[in-house]
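Hi,

Here is the structure I said I would pass on. Have a look at it first, and my notes follow below.

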Amino acid sequence: MKFMSTWALLPGSVRSAAEQFLAGGGQESEGVKLLGRWHNADCSGGFSLYESNSAAALHLGAAKWADLLEITTVAVIEDSEAGPN
C-alpha cells in the first residue's frame with residue numbers, strides 16, 4: 001500500500017530537526033520504501049510518499065520524530081485504483 005505522511009515542525013524545532021535529518025535520521029524503517037519526499041520552501045514542514053505493507057514499520061519511523069514534528073499518515077490510492085474515470 002501507499003501512504004502519504006504530512007509533517008509540520010513543532011515550534012522551535014527547526015535546527016534540531018535539520019541536525020537529526022542531516023545526521024541520517026531520514027532513513028526509513030525496514031519494510032518501508034520511500035517513493036519521494038518534499039520539503040516546504042519556508043521550512044515549516046512537507047510530505048513524504050511511502051510504500052509499505054506494515055503499519056507498524058511506519059509507526060516506528062514516525063516515533064523517531066515525535067518530539068520534533070507533528071505527523072499525519074494516511075493510506076492513499078492512485079486514480080486508476082479509485083475507479084473508472
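I'll start with the pocket, since that is where I spent my time. By class, its lining (I mean the largest pocket throughout) has 15 nonpolar, twelve polar and three charged residues. Please keep in mind that this is a predicted model.

The largest pocket holds about 550 Å³ of space. It is lined by 30 residues, and those closest to its centre are Trp7, Phe21, Arg37, Trp65 and Leu69. If you want to see which parts of the fold take part, the elements that give two or more residues to the lining are strand S1 (2-9), helix H1 (14-25), strand S2 (32-39), strand S3 (45-52), helix H2 (55-63) and strand S4 (69-76). H1 gives the most, with five residues.

Now for the overall layout. The protein has three helices and four strands, and from the N terminus on they run β-α-β-β-α-β-α. There are 85 residues, and 24% of them are buried. Along the principal axes, the C-alpha atoms fill a box of roughly 45 × 30 × 15 Å. If you look at contacts with a separation of 6 or more, 69% of them are between residues 24 or more positions apart.

The four strands make an open sheet in the order S2-S3-S1-S4, with antiparallel pairing. S2 and S4 are the edge strands, and each has a single partner, so one side of each is left without a neighbour in the sheet. From one strand to the next, the twist averages 20°.

I also went through the S2 and S3 pair. These two strands run antiparallel and are joined by seven bridges. Trp38 has Phe47 in S3 as its bridge partner, and Gly36 stands opposite Leu49, also in S3. The hairpin that S2 and S3 form has five residues between the strands, and Cys43 there takes a positive phi near 65°.

Two residues seemed worth a separate note.

Which residues does Ser48 touch, leaving aside those up to four places away in sequence? They are Phe3, Met4, Ser5, Trp7, Leu34, Gly36 and Arg37. Ser48 itself lies in strand S3. Its relative accessibility is 2%, so Ser48 counts as buried, the cut-off being under 20%. Two of the residues that Ser48 touches, Trp7 and Arg37, are also in the group closest to the centre of the largest pocket.

The other one is Leu69, which is placed in strand S4. Is Leu69 buried or exposed? With a relative accessible area of 12%, Leu69 is buried. Again leaving out residues up to four places away in sequence, Leu69 touches Trp7, Ala8, Leu9 and Leu10. You can also check Leu69 against Val14: they are 55 residues apart in sequence, but their C-alpha atoms are 9.4 Å apart in space. Leu69 also belongs to the group closest to the centre of the largest pocket.

If you open the model, I'd begin with Trp7: Ser48 touches Trp7, Leu69 touches Trp7 too, and Trp7 is among the residues closest to the centre of the largest pocket. From there you can follow the lining out to H1, with its five residues.

Cheers

Key: Residues are numbered from 1 along each chain as its sequence is written. This is a predicted model: local features need pLDDT of at least 70, side-chain atom pairs count only at pLDDT 80 or more; totals for chains, interfaces and linings use all residues. Side-chain values use heavy atoms; hydrogens and water are left out. On a 1 Å grid over the protein atoms alone, a cavity is a set of points where a 1.4 Å probe fits but cannot get out, and a pocket is an open set with protein on both sides within 12 Å along at least five of seven lines; lining residues have an atom within 4 Å of a point. Grid points are joined across faces, edges and corners, and a volume is the space filled by probe spheres set on the points. Ala, Val, Leu, Ile, Met, Phe, Trp, Tyr, Cys and Pro count as nonpolar, Asp, Glu, Lys and Arg as charged, and the others, Gly among them, as polar. Two strands pair if DSSP finds at least two bridges between them. Axes are lines fitted to C-alpha atoms, for helices over the stretch in contact, and angles run from 0 to 180 degrees between N-to-C directions. Buried means under 20% relative accessible area, exposed over 50%, partly exposed in between (1.4 Å probe, protein chains only). Contact means heavy atoms within 4.5 Å.
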